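Let's take a friendly walk through the inside of this protein, starting with empty space and moving on to packing.

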Amino acid sequence: MPFVLPFLSCRRSPLAALLLCGVLVAAGTAAFAQQPSSNERMSQQLREAIERANGQRATPAARPGKGEPPAAPTPSVTVNVGQGGALRVAPTPPTAPAAPTATTTPSAAKAVAPAPARKAQALAQDEVPPPRAAVPAAEASVPRPVAARPAARASDEQVQRQYERARAIALGLPIPVSARLARDGAAPEERKPPGPPPPWSYSGPGGPQAWARLQPEYQLCGSGQRQSPIHIEESAALQGPNEVLGFDYHPSTGTVVHDGRTIRVEVQGENLLQVRGSSWRLESFDFQHPAGEVVNHSGFAMGVHLLHRNAQGQAAIVAVLLQPGEENPFIERVWTYIPLDAGDMVRMPMAWLDLSTLLPKDQRYYQFFGSLTQPPCTEGVLWMVLKQPVTLSAEQLRLFAQMFPANARPVQALNGRIVRDAQ
């Protein structure tokens with residue numbers, strides 16, 4: 001450079017030229033200081049290229065309003081020149097991106113960008129990973145389709161049902177219940193809701209063996225320890241003095257009821273029984289065919305149960321046994337007003353019934369504690385079974401047997417109970 005030669009020549013010049021050399025050296029030094037270095041020019045060029053690539057550094061965007069999503073940050077780079085001319089690329093704070101035009105695409109922007117900008121962006125990508133693109137709210141709310149799973153293989157039971165159904169259709173046979181579909185008609189039987197339990201009866205599904213399962217209040221019919229009727233054996237009975245039964249029966253009236261299981265007469269009037277120091281009022285009596293009671297291994301054609309209650313609500317039953325023989329006037333009066341259909345009832349005339357005519361002359365009895373012979377099989381009932389049976393004609397027996405072939409409960413276990421044989 002031109003200012004170097006005067007500086008070198010001033011070292012050998014006479015003392016007279018020292019002032020001139022000093023001036024020249026000072027001017028050259030100032031000029032050198034004002035001239036930018038090559039590193040600074042290169043840094044300036046790269047900075048300008050980066051700024052052109054970034055679009056022009058803009059002011060920070062305004063804060064988003066309440067409820068608005070924040071704007072996605074836009075990356076930027078700077079170039080710093082260290083000692084020795086080395087270059088280092090580092091990320092700079094995010095700036096607000098310029099609003100993209102509707103027609104500009106990423107590929108078009110890449111094609112339009114100048115070469116220095118593309119080189120700077122490539123250099124920046126080597127150091128800083130690009131941010132993940134934000135998903136618009138409208139696209140985020142749209143559910144993505146879920147890939148359909150492969151259908152599970154049919155079980156062996158399903159395959160068997162399909163085979164049975166196809167075979168029945170091919171042969172023209174009824175489709176089995178287990179293989180029916182909804183369009184085939186009735187639903188499978190196991191899916192039907194359970195119906196009400198059958199009413200209790202003396203045979204069939206509601207017979208004595210099922211009474212305890214029909215209703216919760218019938219549990220004593222299966223678990224009770226003092227159930228009736230029983231088999232009475234004189235040899236095992238407790239023999240003792242006879243307490244006379246105080247029957248105080250009067251001519252009365254009543255209503256004959258056909259309840260579907262037996263003939264029951266609801267008595268109106270004051271008909272009393274005195275026993276065990278208490279007074280028991282007659283409420284009703286009904287008939288069984290054959291009699292439920294068994295005495296010394298012998299059964300009876302029919303039985304009549306006279307139900308009494310005392311003031312405390314306790315029950316006492318007098319059982320009268322009937323055997324074929326002569327016609328019974330009392331039975332004849334009852335059969336005259338016998339109903340012909342279940343649920344039917346007939347009122348008898350006043351003073352039509354004289355219950356004293358039903359009782360045998362010998363009123364000795366067997367006494368024990370038992371239960372009702374019908375559900376709910378309530379226990380604690382005082383039983384008196386008259387030893388001497390009474391008679392009824394074959395026609396009277398046949399009329400009742402036609403209506404009720406068998407309406408007596410089987411004998412129940414004694415379970416260590418004491419049976420008193422009143423002499």
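What volume does the second largest cavity have? The second largest cavity has a volume of about 30 Å³, where a cavity is a set of points on a 1 Å grid over the protein atoms alone at which a 1.4 Å probe fits but cannot get out, and a volume is the space filled by probe spheres set on the points, joined across faces, edges and corners. This is a predicted model, in which local features need pLDDT of at least 70 and side-chain atom pairs count only at pLDDT 80 or more, while totals for chains, interfaces and linings use all residues. Residues are numbered from 1 along each chain as its sequence is written, and side-chain values use heavy atoms, leaving out hydrogens and water.

Around the second largest cavity sit Y202, P229, Q288, G292, H305, T373, A408 and R409, each with an atom within 4 Å of a point.

Now for the packing. The largest nonpolar core (buried Ala, Val, Leu, Ile, Met, Phe, Trp, Tyr and Cys residues joined through side-chain atoms within 4.5 Å; buried means under 20% relative accessible area with a 1.4 Å probe, protein chains only, and exposed over 50%) has 41 residues. F285, F287, L306 and M384 have the most contacts inside it. Apart from this core lies another, of 17 residues, including A291, L321, W383 and V419.

Helix α11 spans residues 394–403, and its buried residues are Q396, L397 and F400. These three lie on the same side of α11 because they cover an arc of only 95 degrees around the axis, taken from the directions from the helix axis to the C-beta atoms. Exposed E395 and Q402 are carried on the face turned away from that buried side.

Definitions and conventions
1 Å grid on protein atoms, 1.4 Å probe; cavity = no way out; pocket = protein on both sides within 12 Å on 5 of 7 lines; lining within 4 Å. Helix = DSSP H or I, 4+ residues; strand = E, 2+ residues; numbered from the N terminus.
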